[in-house]
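Reader: I would like a close look at the ligand site of this model, with the contacts and distances spelled out. Please then carry on to the salt bridges and the unusual backbone geometry, so that I can place the site within the rest of the chain.

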Amino acid sequence: MLYSTLLALLQAATGVLAANSWIAPGAVWYDTDGKKIDAHGGGIVKRGDTFYWVGQSASNSETPMMYSSTDLLNWKNLGQQASGVTGLWRPKIAKPNGSFWLYGQQDRYVLSLKSTDQAGNYKTVNKVHLPPSDYSYSDTGMFYDEASTTWYLLTSADHNTVQINKINSDGTVGARSSVLTGGAYEAPGLFFANGLYFLIVSGKTGWRANPNKVFTSTSLSGPWTGGSDIAPAAQNTYGSQNTFELTVQGSKQTTYIYMGDAWDSKGSTGSNYVWLPMAVDAGKKSVTLQYHAMWKVDVNTGEVSYPSGSKRYAAEEAVVRKRDGVGKGAGNKLRTGDEITFHNVTGTGALQWLAFHYTVNNPEAGQAYITINDEVYPTNLSDHNSRAGYHSQVPVQLVLDPGHVNTVRIGATGSSGKFCHLV
Ligand code: GLA
């Protein structure tokens, strides 16, 4: 079985009443209609007080989908953006010369689309390979340089260099500013902080996560140096791949956000998102993802906060059903067939956060599953949060019945012989 130590707590976070009160890396993220957000390999721009997130739709043949939000938590689906356009990978928003553009990769070309409005009705303008040598490429990134008021297209060209091209004021792909050589990288994203440009890239391991890295330069013309990991290497960027860096300039602080994709095994609808604030050190030229199971940023002040004061349901008070009898309390080990039942869990009748606390010795070797009330079939926790098993706190959003009336069961499946412990 999968666990070495186990299930300590079930935790109902405060602030449960508003569905999307937190960003929970890896958790299924629901839009304001209660549907899973479907904008992978995406990017964000802010217009006025509204953020627009565009990404590829895994459920609609990689057509670009857009969402809007004023708090980076609750996202409204603005729908498909370009009728008839499919297979557009990692679309990004840009706005050269006041127009509204999307750029993404289609058939290894840059496809550019334009609309008269921020949302909807994007039409194809150009389909080109990359200057200067007609390169084909895979992954698209985007960066707006405030210093030069210029948009830059970031690409991972098939000849294994990440390159940066200006976007001309007429929206065409312009001259190459610089390249990142010295390694095969992809999924580029860029931000500017304290006098330095930070370029974040992924290794090339397909849909499997790898340790993403940061390179820096004082100029978009390069040279780019560095290559340090943005998270402990063994964490594989917390199971994600870079897609975009978002800067939130608040009244009290500027917060830099890493946006990553937690791809499933083939980049399809099971994929989730890992967004995390970054600690940025221009002196050390380093970026370090600040991992928290739940967090949020105040878009006005720029301040980051975390849940506190949650109601806890300790495993000690839960009922443990062992294959060979019923037990209660700490120190129990759970194996396949054993279950822990939490009674009288408080529900709101709407989506709310519940955080499961447990550790496992091999997250690849089995699954934790949960059953709510009289559900006939359990669901795997990893269907609710792709960090299940990889972090000791696993927040998921569920709808429970209103009141102190819910029963939540957790158990494990996997190869037998290993144990769960109540702690
Ligand atoms: C890379 C890219 C993804 C996707 C996969 C397919 O990881 O970054 O966007 O194209 O390859 O294998």
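**The ligand site and its surroundings**

Author: By class, the shell around the ligand is made up of three charged residues, two polar residues and one nonpolar residue. The model is a predicted one, and in it the residues around the ligand are Arg 90, Asp 139, Glu 186, Gly 206, Trp 207 and Gln 241. Three polar approaches to oxygen atoms of the ligand can be described in detail. In the side chain of Asp 139, an N or O atom is 2.5 Å from an oxygen atom of the ligand, while Gly 206 contributes a polar backbone atom at 2.6 Å from a ligand oxygen. Arg 90 places a polar side-chain atom 3.0 Å from an oxygen atom of the ligand. On its own the ligand has 310 Å² of accessible area, of which the protein covers 77%.

Turning from the site to charged pairs within the protein, a search of the whole structure finds six salt bridges, and three of them are described here. One of the six joins the side chains of Lys 127 and Asp 107, with an N to O distance of 2.6 Å. This pair links distant parts of the chain, 20 residues apart, since Lys 127 belongs to strand 9 (residues 123–128) and Asp 107 to the loop between strand 7 (100–106) and strand 8 (109–115). Lys 127 counts as partly exposed because its relative accessibility is 35%, a value that falls between the limits of 20% and 50%.

Another salt bridge is formed by the side chains of Arg 108 and Asp 158, at 2.7 Å from N to O. Here the partners are 50 residues apart, with Arg 108 in the loop between strand 7 and strand 8, and Asp 158 in the loop between strand 11 (150–157) and strand 12 (162–167). Arg 108 is partly exposed, with a relative accessible area of 36%, and Asp 158, at 33% relative accessibility, also counts as partly exposed.

In a further salt bridge, the side chains of Lys 213 and Asp 229 meet at 2.5 Å, N to O. Because Lys 213 lies in strand 16 (residues 213–217) and Asp 229 in strand 17 (residues 225–229), the pair ties together parts that are 16 residues apart in sequence. Asp 229 counts as partly exposed, its relative accessibility being 29%.

The backbone also deserves a careful look. Most peptide bonds are trans, and most residues other than glycine have a negative phi. The peptide bond from Pro 131 to Pro 132, however, is cis, with omega near 10°, and Pro 132 is found in the loop between strand 9 and strand 10 (137–145). Gly 222 and Pro 223 are likewise joined by a cis peptide bond, with omega about -5°, and Pro 223 is in the loop between strand 16 and strand 17.

As for phi, Asp 107, the salt-bridge partner of Lys 127, has a positive value of about 55° although it is not a glycine. Leu 72, a residue other than glycine, has a positive phi near 65° and lies in the loop between strand 4 (64–69) and strand 5 (76–80). Leu 72 counts as buried because its relative accessibility is 0%.

Notes: Residues are numbered from 1 along each chain as its sequence is written. This is a predicted model: local features need pLDDT of at least 70, side-chain atom pairs count only at pLDDT 80 or more; totals for chains, interfaces and linings use all residues. Side-chain values use heavy atoms; hydrogens and water are left out. A residue is near a molecule or strand if one of its heavy atoms lies within 4 Å of it. A polar contact is a pair of N or O atoms within 3.5 Å; within protein, one must be able to donate a hydrogen and the other to accept it, and residues adjacent in sequence count only if both atoms are side-chain atoms. Accessible areas come from the Shrake-Rupley method with a 1.4 Å probe; for residues, only the protein chains shown count as cover. Ala, Val, Leu, Ile, Met, Phe, Trp, Tyr, Cys and Pro count as nonpolar, Asp, Glu, Lys and Arg as charged, and the others, Gly among them, as polar. A salt bridge is a side-chain nitrogen of Lys or Arg within 4 Å of a carboxyl oxygen of Asp or Glu. Helices (H or I, at least four residues) and strands (E, at least two) are DSSP runs, numbered from the N terminus. Buried means under 20% relative accessible area, exposed over 50%, partly exposed in between (1.4 Å probe, protein chains only).
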